Amino acid sequence: MKFSIIYEAQMADTSRENEQQVFRDIVEQSIHAEEMGFDTIWAVEHTALTQYAHMSAPETFLAYLAGRTSRIGIGHGVVCLPPAMNHPVKVAERIATLDILSNGRVHFGMGKGGTQQEAGTFGYNLEDLPPMIDESMYLIPKILKHGEIEHDGQFVKIPFRPIHPSPMQDPHPPIYMACTRADTLVTAGSRGIGALVLGFAGPDDIAQKNAIYREAFANRKAEDQVGYRPTQHLAALCPAVVLDDREKARRIGLRGQRFFVESLGHWYSGGPAPDVEDLDASESLAALQRHKQETVAWLSEEKITIGGHHTESFEVVDDAYGNADDCIRQVQRLRDAGADEILFMFQMGGIPHEVIMETIRNIGEKVIPHFRDQAAMAAE
């Protein structure tokens with residue numbers, strides 16, 4: 001079981017001063033996460049999504065982080081592959097260089113981005129992107145392996161060229177794909193690459209997606225393989241705030257996730273801008289109930305659960321907002337559902353830096369050792 005953090009650079013206050021502070025805080029949190037035994041720092045890539053995600057240049061952030069750390073994995077979760085946004089040759093060059101400078105710590109995820117807001121920035125219609133993404137997805141590992149390319153494709157045409165450098169990991173870093181719907185899990189499995197399940201899915205949903213992914217991976221065909229390093233790996237998103245004060249953690253966590261879902265709904269489905277009002281846990285749930293038609297966001301046509309509560313009924317289930325024991329229970333449920341990696345989401349709009357630092361410490365001191373000890377006992 002791997003324990004990681006994924007960052008959007010999300011913020012309620014979009015002033016220049018706060019935007020700069022958010023990035024400084026993320027670096028400090030990531031360094032602390034390495035000290036606390038976390039495995040990987042993942043960074044998304046989004047463009048023009050105010051408040052929801054200001055992580056628009058993850059290659060720069062991750063390169064800086066690689067220089068400030070020595071052990072923790074450096075993860076693109078994910079590089080968006082519309083050619084005008086990220087040409088496959090430039091992606092291969094950046095991934096290889098980062099892999100060398102990080103001493104072979106790169107994890108390489110690929111995807112398309114999720115909104116017309118982003119696609120339109122680079123002159124595309126969102127619905128036209130999938131075949132472009134597929135072409136680049138198969139092309140980039142070839143460049144990384146062979147150090148040269150000649151390609152006459154539908155969307156990308158490259159005369160014969162040597163491409164430098166080659167990555168430290170041979171033939172290339174492990175490859176992943178952003179997944180939400182069942183069909184994307186089938187795609188990832190059938191292509192022999194890891195699945196980053198980035199929706200707010202609970203353990204029951206993860207179990208269903210895990211079954212779909214594992215079956216597709218087991219039955220994959222050699223000609224469908226992306227790259228030259230089959231990677232069977234399913235990572236599950238887990239929003240969390242872990243404090244000694246359980247009620248404080250639930251209040252802050254649900255408030256942060258409410259902001260996350262509302263900002264997501266604003267850009268993905270045209271909902272209102274997110275509410276920054278400070279409510280307690282019960283008030284956050286009540287606000288979501290009152291405005292659920294406006295605040296239920298759709299991520300790739302799939303409904304999101306909020307704070308472990310289904311937006312249709314708000315039936316209470318476990319979540320990772322609370323103390324370390326609450327977090328252990330939720331991680332165990334995700335592990336039992338088939339997750340190989342927990343993608344903790346701490347940095348949601350309005351969650352203070354000091355709360356995230358305490359959460360990282362509590363998980364590092366209490367949650368990660370719990371599962372490491374389990375693994376050691378099982379091995380013995």
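**Entry 1. The chain as a whole**

I began with contact range: among contacts in the protein chain between residues at least 6 apart in sequence, 73% join residues at least 24 apart. I note here that the model is a predicted one. I then looked up the secondary structure and found twelve helices and 13 strands in the protein chain. For burial, I read that 57% of the 380 residues of the protein chain count as buried. The exposed area of the protein chain came to about 15,500 Å², with 49% of it supplied by carbon and sulfur atoms.

**Entry 2. The nonpolar core**

I wanted to know which residues touch the most other members of the largest nonpolar core. They are F38, F61, F344, F346, I360 and I363, out of 108 residues in that core. Strand 9, residues 234-242, gives the most to this core, and its share is eight residues.

I picked F38 and asked what it is in contact with, leaving aside its neighbours within four places in sequence. From the early part of the numbering I listed F3, S4, I5 and A33 as contacts of F38, then R71 and I72. The list for F38 goes on with F344, F346, I360, I363, G364 and I368. Of these contacts, F344, F346, I360 and I363 also stand among the residues that touch the most other core members.

**Entry 3. A hairpin**

I turned to strand 5 (residues 148-152) and strand 6 (residues 157-162), which run antiparallel and are joined by four bridges. How many residues lie between strand 5 and strand 6 in the hairpin they form? I found four residues between them. I also looked up E148, and its bridge partner in strand 6 is P162.

**Entry 4. Helix 3 and a surface patch**

I looked for a nonpolar surface patch and noted one of about 310 Å², made by I100, L101 and M168. L101 is found in helix 3, residues 88-101.

Is L101 buried or exposed? Its relative accessible area is 67%, so L101 is exposed, the cut-off being over 50%.

T97 is also found in helix 3. I read a relative accessible area of 32% for T97, so this residue is partly exposed.

Last, I checked T97 against M168, one of the patch residues. T97 and M168 are 71 residues apart in sequence, and their C-alpha atoms are 8.5 Å apart in space.

Methods. Residues numbered from 1 in each chain as written. Predicted model: local features only at pLDDT ≥ 70, side-chain atom pairs only at ≥ 80, totals over all residues. Heavy atoms only, no water. Core = buried A, V, L, I, M, F, W, Y, C linked by side-chain atoms within 4.5 Å. Buried < 20%, exposed > 50% of the residue type's maximum accessible area, 1.4 Å probe, protein only. Helix = DSSP H or I, 4+ residues; strand = E, 2+ residues; numbered from the N terminus. Contact = heavy atoms within 4.5 Å. Pairing = 2+ DSSP bridges. Patch = residues over 30% accessible without salt bridge, like charges linked within 9 Å, V, L, I, M, F, W, Y side chains within 5 Å. Areas by Shrake-Rupley, 256 points an atom, 1.4 Å probe, with all protein chains shown as cover. Salt bridge = Lys/Arg side-chain N within 4 Å of Asp/Glu carboxyl O.
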